[in-house]
Amino acid sequence: NPTTKALEVKLAEIEQGAGASAFGTGMAATTSAICATMKAGDHCVITDCSYGGTNRSCREFFTPLGMEFTFVDFSDPENVRKAMKPNTKLVFSETPAN
């Protein structure tokens, strides 16, 4: 879609990023981020205040594929630090949650 591509180019330019990706839904963005970053054996620290669909996808879709998720309270950065493991590949936060 040329309009989506134009948006991605402009967002990357505004944010001085190497690139940008636009999605039709939050779950499409979430799933893409996890799939692009993680593989079996990898770990993710994720907010315990995530969207219900995100939480469910991590527990019921990605965990059976061999990915590990630790849900923690992100209001204290120390919780995130303590949850990190040698195989942590992603720290994932989102807002708003439901």
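**Exposure and salt bridges in the predicted model**

Q: Why does E68 count as partly exposed?
A: In this predicted model, E68 has a relative accessibility of 31%. Partly exposed covers the range between under 20% and over 50%, and 31% falls in that range, so E68 is classed as partly exposed.

Q: What makes the pair E68 and K85 a salt bridge?
A: The closest N and O atoms of E68 and K85 are 2.4 Å apart. The criterion asks for a Lys or Arg side-chain nitrogen within 4 Å of a carboxyl oxygen of Asp or Glu; the pair therefore qualifies. This salt bridge links distant parts of the chain, with E68 in strand 2 and K85 in the loop between helix 4 (77–83) and strand 3, 17 residues apart.

Q: How do you know that K85 is partly exposed?
A: The relative accessible area of K85 is 33%. Since buried requires under 20% and exposed requires over 50%, the intermediate class applies to K85.

Q: Why is the pair E78 and R81 called a salt bridge?
A: The N to O value for the side chains of E78 and R81 is 2.4 Å, and the cut-off is within 4 Å. The pair therefore satisfies the criterion. E78 and R81 are three residues apart in helix 4, which means a separation of about one helical turn.

Q: What places E78 and R81 in their exposure classes?
A: R81, at 52%, is exposed because the limit is over 50%. E78, at 30%, lies between the two limits and so counts as partly exposed.

Q: What makes E60 and R59 a salt bridge?
A: Their closest N and O atoms are 3.9 Å apart, and the rule accepts pairs within 4 Å, so E60 and R59 are included. E60 has a relative accessible area of 53% and is therefore exposed, whereas R59, at 43%, is partly exposed.

Q: How many salt bridges does the rule give?
A: The count comes to four, among them E60 with R59.

Q: Why does N55 count as buried?
A: N55 has 19% relative accessibility. Buried means under 20%, so N55 belongs to that class. N55 lies in helix 3 (residues 52–62) and, leaving aside neighbours within four places in sequence, is in contact with S50 and F71.

Q: Which elements cover the buried residues of helix 3?
A: The buried residues of helix 3 are G52, G53, T54, N55, S57, C58 and F62. Their cover includes helix 2 (26–37), strand 1 (43–47), strand 2 (68–72) and strand 3 (88–92).

Notes. Residues are numbered from 1 along each chain as its sequence is written. This is a predicted model: local features need pLDDT of at least 70, side-chain atom pairs count only at pLDDT 80 or more; totals for chains, interfaces and linings use all residues. Side-chain values use heavy atoms; hydrogens and water are left out. Helices (H or I, at least four residues) and strands (E, at least two) are DSSP runs, numbered from the N terminus. Buried means under 20% relative accessible area, exposed over 50%, partly exposed in between (1.4 Å probe, protein chains only). Contact means heavy atoms within 4.5 Å.
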